[in-house]
Amino acid sequence: MTIALANPKPSARDRVLSGAIELFATRGFQAVGLRDLASYLGLQAGSLYHHIENKQSLLFELMEAALAQLLLNTTCRVKAIRSPRKRVDLFIQTFVDFSITEKYKLTLITHEFCNLDESQKQRIIQLKNTYASLLNAIITDQYRPDATLGTHLCPVANTVIAILFGQAQWYTLDTTEPALGETLKNVVLCLVSNQPCSGANAQQRATIR
């Protein structure tokens, strides 16, 4: 009984979500119909509507939950750290961990955005901007610790976010997690250390400690 309580059986809806993540990520959203998903789960197609509204809303729910998970994980890991260098390292490492352990979720975020409607896209963009603002705060504090953080993202923060989400499309299958983390940290720290934020003194350079 103790083991059963510690490892509860996934609900039917959890199985639907898990199966959809895998199929959408490996086959592509447009190539997977609800009948395909139902067959994969050993269900009748009609029974899926007990758990979801439609295929597009299912995709949106998966993407929204994935970004919310990444945002929460990152916030929790960096919030208690004072050293800018360690905060950058943890920001990158959290993303690397996510890209390795939740690769299907990352694939949805990076490949299936175009299949959302406009209101859904706005929500995903909002979550991405909130995520980017965490890094923006680290970089801005490093350049101008006494300044009020503006609403616009530092160009360096935008570049770093593009690199993080883009790397999923170019790293090889034999890339190890430590190697990926070290490569990304080196690239990001180089950018942060040498490129001033917009509006900062051109002579200022961040010294990540």
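A search of the whole structure finds 0 disulfides, a disulfide being a pair of cysteine sulfur atoms within 2.5 Å. Two cysteines can be described by their accessibility: C76 is partly exposed, with a relative accessible area of 43%, and C190 is likewise partly exposed, at 46%. Here buried means under 20% relative accessible area, exposed means over 50%, and partly exposed lies in between (1.4 Å probe, protein chains only).

The structure is a predicted model, in which local features need pLDDT of at least 70 and side-chain atom pairs count only at pLDDT 80 or more, while totals for chains, interfaces and linings use all residues. Residues are numbered from 1 along each chain as its sequence is written, and side-chain values use heavy atoms, with hydrogens and water left out.

How confident is the prediction? The pLDDT, which is the predictor's confidence in each residue from 0 to 100, averages 82 for the protein, and 79% of the residues score at least 70. Among the elements, helix α4 (residues 55-78) has the highest mean pLDDT, 96, and helix α1 (residues 2-6) the lowest, 51. Helices (H or I, at least four residues) and strands (E, at least two) are DSSP runs, numbered from the N terminus. Over residues 146-150 the pLDDT is below 50, and this stretch has 3 contacts beyond near neighbours in sequence; a contact means heavy atoms within 4.5 Å. Over residues 196-209 the pLDDT is also below 50, with 32 such contacts in the model. Where pLDDT is low, the predicted coordinates should not be read in detail.

Helix α4 has 24 residues and reaches 35 Å from its first C-alpha to its last, close to the 34 Å expected at 1.5 Å a residue; the expected span is 1.5 Å times one less than the number of residues. N54 caps the N-terminal end of α4, with a side-chain oxygen 3.2 Å from the backbone nitrogen of Q56.

Now for the interior. The largest nonpolar core holds 54 residues, of which F24, L37, I92, Y131 and F165 touch the most other members. Such a core is a set of buried Ala, Val, Leu, Ile, Met, Phe, Trp, Tyr and Cys residues joined through side-chain atoms within 4.5 Å. Elements giving two or more residues to this core include α2 (12-27), α3 (34-41), α8 (155-166) and α9 (177-194), and α4 gives the most, with 10 residues. In soluble globular proteins, nonpolar side chains tend to be buried together. Leaving aside neighbours within four places in sequence, Y131 is in contact with L70, L71, T74, F91, F95, I161, L164 and F165.

Buried positions are also found for Q120 and R87. Q120, in helix α7 (residues 118-143), counts as buried because its relative accessibility is 9%. Beyond four places in sequence, Q120 is in contact with Q56, S57 and F60. R87 lies in helix α5 (residues 84-101) and is buried because its relative accessibility is 18%. Not counting residues up to four places away, R87 touches V78, I81, R82, I138 and D141.

A last close look goes to D36 in helix α3, which is partly exposed at 33% relative accessibility. A polar atom of the D36 side chain lies 2.7 Å from the backbone nitrogen of G33. Not counting residues up to four places away in sequence, D36 touches L23, R27 and A31. The C-alpha atoms of D36 and A20, 16 residues apart along the chain, are separated by 9.6 Å.

How values were computed
A polar contact is a pair of N or O atoms within 3.5 Å; within protein, one must be able to donate a hydrogen and the other to accept it, and residues adjacent in sequence count only if both atoms are side-chain atoms.
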